[in-house]
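Thank you all for making time this morning. I would like to take you through one structure, beginning with its charged pairs and ending at its ligand.

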Amino acid sequence: MTEPGAVDSPCSPYLRVLLVGFMGSGKSSVGHRLAQLLGWAFRDFDEEIQSGVGLSIPDIFRQHGEEFFRSREERVGTDLLQMREVVLASGGGWPAKEGRMNSLDPATISVWLKVSPEVAVERVRREGATRPLLEVNEPLVRARDLILEREPFYRQAHFTIDSCAAGPDELAQRIHDLIYEKGEDHVRSLPPYK
Ligand code: S3P
């Protein structure tokens with residue numbers, strides 16, 4: 001039985017969905033909606049880090065530095081990637097480490113929400129000073145460099161979606177449909193559920 005209003009997913013209970021992509025790609029807004037469509041939980045790496053440390057992301061960077069943030073991010077990622085029936089939004093930098101994307105549990109479907117540096121910088125600018133890595137004189141140059149560096153990792157996701165192609169509701173629906181159409185093949189190749 002599924003919860004009232006939840007969609008009975010043929011893939012459940014084997015899967016989790018991991019959204020990756022650069023800052024401003026819409027991972028959280030799309031993730032929330034996708035979780036509703038699937039009737040699953042939604043968890044955001046950054047929110048977990050913030051509540052664990054008791055500080056906002058900018059304050060964590062300011063008071064403890066990026067290295068501290070990355071070690072918290074690693075721990076949170078490991079924990080959340082054990083959850084079942086969950087949509088996860090990673091931080092933009094999480095995938096960019098050798099061995100992360102290519103050693104995901106086979107029960108995880110990963111989706112890259114692709115965004116151009118121009119759109120990313122504009123969206124982030126509208127949110128205020130929330131992304132320490134873009135608080136520089138030339139955020140667009142920084143965004144271009146980071147995206148270039150991270151693309152090989154993002155590219156390892158199972159699916160790629162253009163985050164500018166539609167609004168968050170429509171994007172969530174498209175990802176949901178992708179999982180329904182292609183997810184079953186993926187599920188068939190999974191080890192037995194324990
Ligand atoms: C970061 C992205 C941010 C946050 C932190 C570092 C990055 O998350 O984790 O500011 O390295 O790209 P979002 O991608 O959710 O903005």
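Let me start with a question: is Glu 118 buried, exposed or partly exposed? Before I answer, please keep in mind that what you are looking at is a predicted model. Glu 118 has a relative accessibility of 39%, so in this model it counts as partly exposed, a class that lies between the buried limit of under 20% and the exposed limit of over 50%.

The partner of Glu 118 is Arg 144, with which it forms a salt bridge whose closest N and O atoms are 3.1 Å apart. Because Glu 118 belongs to helix H5 (residues 117-126) and Arg 144 to helix H6 (residues 139-154), this pair ties together parts that are 26 residues apart in sequence. Arg 144 is partly exposed as well, with a relative accessible area of 40%.

That pair is one of 14 salt bridges that a search of the whole structure finds, and I would like to show you two others, each of them placed within a single helix.

In helix H7 (residues 168-188), Arg 174 and Glu 170 are 4 residues apart, which means that about one helical turn separates them. They form a salt bridge, with 3.1 Å between the closest N and O atoms. As for accessibility, Arg 174 is partly exposed at 34%, and Glu 170 is partly exposed at 39%.

Turning to helix H4 (residues 66-80), we find Glu 66 and Arg 70, again 4 residues apart, or about one turn of the helix. Their salt bridge has its closest N and O atoms 3.0 Å apart; Glu 66 is partly exposed, with a relative accessible area of 35%, and Arg 70 is partly exposed, with 23%.

Arg 70 also brings us to the ligand, since it is among the residues that come nearest, together with Lys 27, Asp 46, Arg 131 and Arg 150, out of 13 residues around the ligand. A polar atom in the side chain of Arg 70 lies 2.7 Å from a ligand oxygen, while for Arg 150 an N or O atom of the side chain is 2.6 Å from an oxygen atom of the ligand. The backbone takes part in the surroundings too, with a polar backbone atom of Gly 93 placed 3.3 Å from a ligand oxygen. How much of the ligand's accessible area does the protein cover? Of the 390 Å² that the ligand has on its own, the protein covers 97%, and the ligand sits in the largest pocket.

Technical notes
Residues numbered from 1 in each chain as written. Predicted model: local features only at pLDDT ≥ 70, side-chain atom pairs only at ≥ 80, totals over all residues. Heavy atoms only, no water. Salt bridge = Lys/Arg side-chain N within 4 Å of Asp/Glu carboxyl O. Buried < 20%, exposed > 50% of the residue type's maximum accessible area, 1.4 Å probe, protein only. Near = heavy atom within 4 Å. Polar contact = N/O pair within 3.5 Å; in protein donor to acceptor, adjacent residues only side chain to side chain. Areas by Shrake-Rupley, 256 points an atom, 1.4 Å probe, with all protein chains shown as cover. 1 Å grid on protein atoms, 1.4 Å probe; cavity = no way out; pocket = protein on both sides within 12 Å on 5 of 7 lines; lining within 4 Å. Sits in = over half its atoms within 2 Å of the grid points.
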